[in-house]
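User: Please walk me through this structure. I would like the reasoning behind each label, not just the label.

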Amino acid sequence: MQLLPRKVYRWGLRLSAWSRRNDTLIWLLAGAYRGRTPLPAVVIIAMPKSGSIYMKQAVQRVLRVSRVRFGGYGFTEPVVRPNAIPRMKFGFCVAKEYLPASDHVVASLRLAVPAVAVHVRDPRRALISWIGHLQDRLDAGQSAEAWSFAECVLPDHYERGSFAQRLEWHVEHVLPRLVAWIEGWVRVHDDPNQELKVVFSTFEELERDPVACIRGMLERLEIPPQSMHFQRLPKLNPDLHNVRGDPAIDRKSFYTPELWERATAIVPAELRARFGWS
């Protein structure tokens with residue numbers, strides 16, 4: 001296989017370094033978007049395994065904007081990248097990250113955008129997709145990536161266990177962290193003194209009606225209606241976007257009645273009532 005010419009490689013490095021100069025990049029973007037209605041960045045703070053890939057792709061197509069990254073890996077410890085804030089302040093982009101509601105993350109987001117959308121899913125159901133994602137990484141020999149996603153080193157017996165045993169381990173060790181993540185953003189939403197506006201959307205709404213879910217989210221973020229183009233909405237792909245059918249299938253096919261009861265006890269009743277998780 002022939003390698004790239006050295007000259008092309010050097011120009012690639014120069015282009016990469018140039019693109020990191022936010023003032024130059026924003027100047028270029030200002031020309032590209034001149035004449036369009038001002039459009040704030042759409043920031044989706046997603047719970048892992050909630051269909052967030054589809055949400056990001058759909059918003060990008062509906063608004064005809066670019067995608068940016070502004071956070072790190074994981075879901076309880078990432079931070080906002082400071083060099084991404086100027087790009088987000090300019091707008092005309094969508095970003096999806098798994099950021100926690102820590103004080104420094106919320107403060108950084110306030111510097112970039114007036115509002116964020118927090119996309120959640122019944123964490124008991126999310127565990128099923130979570131386990132499948134981890135197993136894909138482990139089967140591919142990517143243990144480090146699996147540990148980074150889980151934010152822990154999986155026990156030695158994990159890979160030897162059955163799906164039921166893995167699910168039980170996740171109910172005990174991962175489900176409480178998912179619940180705490182959701183509760184953190186609920187507290188930010190409910191804080192009357194919080195300057196950052198938080199709007200919620202759910203995976204269950206996305207399952208029922210993708211257009212209504214995304215339109216409602218964008219409207220609550222005060223995106224101008226004339227900027228939305230729903231004829232460009234991508235199709236839901238069950239394999240790619242973790243979209244299933246009847247939620248009862250997840251419960252009956254994977255949980256024993258006893259384990260479902262244990263998992264339900266971990267998710268507070270007020271949280272289940274708030275998001276319609278039976």
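**Ser 227 and its surroundings**

Analyst: Start with Ser 227, which touches Thr 37, Leu 39, Val 62 and Leu 63, leaving out residues up to four places away in sequence. Ser 227 sits in the loop between helix H11 (210-220) and helix H12 (238-241). Keep in mind that this is a predicted model.

User: Why does Ser 227 count as buried or exposed?

Analyst: Its relative accessibility is 6%. Buried means under 20%. Ser 227 therefore counts as buried.

**The sheet**

User: What makes the five strands one sheet, and in which order do they lie?

Analyst: Strands pair if there are at least two bridges between them. The order is S2-S3-S1-S4-S5, in an open sheet with parallel pairing. Check each step against the cut-off. Strand S2 (residues 66-68) joins S3 through three bridges. Strand S1 (residues 42-46) and S3 have four bridges. S1 and S4 are joined by three. S4 and S5 pair over six. Each of these pairs therefore meets the rule of at least two bridges.

User: How do you know which residues face each other across S3?

Analyst: Follow the bridges. Arg 67 has Val 94 in S3 as its bridge partner. Val 68 stands opposite Ala 95. Ile 45 stands opposite Glu 97 in S3. Further along the sheet, Ala 46 has His 119 in S4 as its bridge partner. Val 116 stands opposite Val 198 in S5.

User: What makes S2 and S5 edge strands?

Analyst: Recall the order S2-S3-S1-S4-S5. S2 and strand S5 (197-202) each have a single partner strand, so one side of each has no neighbour in the sheet. From one strand to the next, the twist averages 25 degrees.

User: Which helices pack on the sheet, and how do you know?

Analyst: Contact means heavy atoms within 4.5 Å. Helix H3 (residues 52-63) touches S1, S2, S3, strand S4 (115-120) and S5, and its direction makes about 170 degrees with that of S1. Helix H9 (residues 175-190) touches S1, S4 and S5, and its direction makes about 135 degrees with that of S5.

User: Why is S3 called mostly covered?

Analyst: Count the buried residues: five of five in S3 (residues 93-97). In a regular strand, side chains alternate between the two faces of the sheet. In S3, Cys 93, Ala 95 and Glu 97 point one way, Val 94 and Lys 96 the other, and all are buried. S4 is also mostly covered, with six of six residues buried. One side of S4 holds Ala 115, Ala 117 and His 119, the other Val 116, Val 118 and Val 120, and all are buried.

**The cores**

User: Which residues have the most contacts inside the largest nonpolar core?

Analyst: They are Ile 45, Phe 70, Leu 109, Val 116 and Trp 185, in a core of 55 residues. H9 gives the largest share, eight residues. Beyond its neighbours within four places in sequence, Ile 45 is in contact with residues including Phe 70, Leu 109, Val 116 and Trp 185. Another core lies apart, with 27 residues, among them Ala 46, Val 65, Ala 117 and Ile 214.

**The rings**

User: What makes the pair of Phe 90 and Phe 92 tilted?

Analyst: There are six aromatic pairs in total. For Phe 90 and Phe 92, the centres are 5.6 Å apart and the planes make 45 degrees. The distance limit is 6.5 Å; under 30 degrees would be stacked and over 60 edge-to-face, so 45 falls in the tilted range. Phe 92, at 6%, is buried. Phe 90, at 22%, is not under 20% and not over 50%, so Phe 90 is partly exposed.

Phe 163 and Phe 254 also form a tilted pair, 5.3 Å centre to centre with 45 degrees between planes. Phe 163 is in helix H8 (residues 163-173) and Phe 254 in helix H13 (residues 247-254), 91 residues apart. Phe 163 is partly exposed at 30%, and Phe 254 is partly exposed at 26%.

User: How do you know that the charged end of Arg 121 sits close enough to count as over the ring of Phe 203?

Analyst: It is 3.9 Å from the ring centre, and the distance limit is 6 Å. The charged end of Arg 215 likewise sits over the ring of Phe 230, at 4.2 Å from its centre.

Terms used: Residues numbered from 1 in each chain as written. Predicted model: local features only at pLDDT ≥ 70, side-chain atom pairs only at ≥ 80, totals over all residues. Heavy atoms only, no water. Buried < 20%, exposed > 50% of the residue type's maximum accessible area, 1.4 Å probe, protein only. Lys NZ or Arg CZ within 6 Å of the ring centre and 35° of its normal. Axes fitted to C-alpha atoms, helices over the stretch in contact; angles between N-to-C directions. Core = buried A, V, L, I, M, F, W, Y, C linked by side-chain atoms within 4.5 Å.
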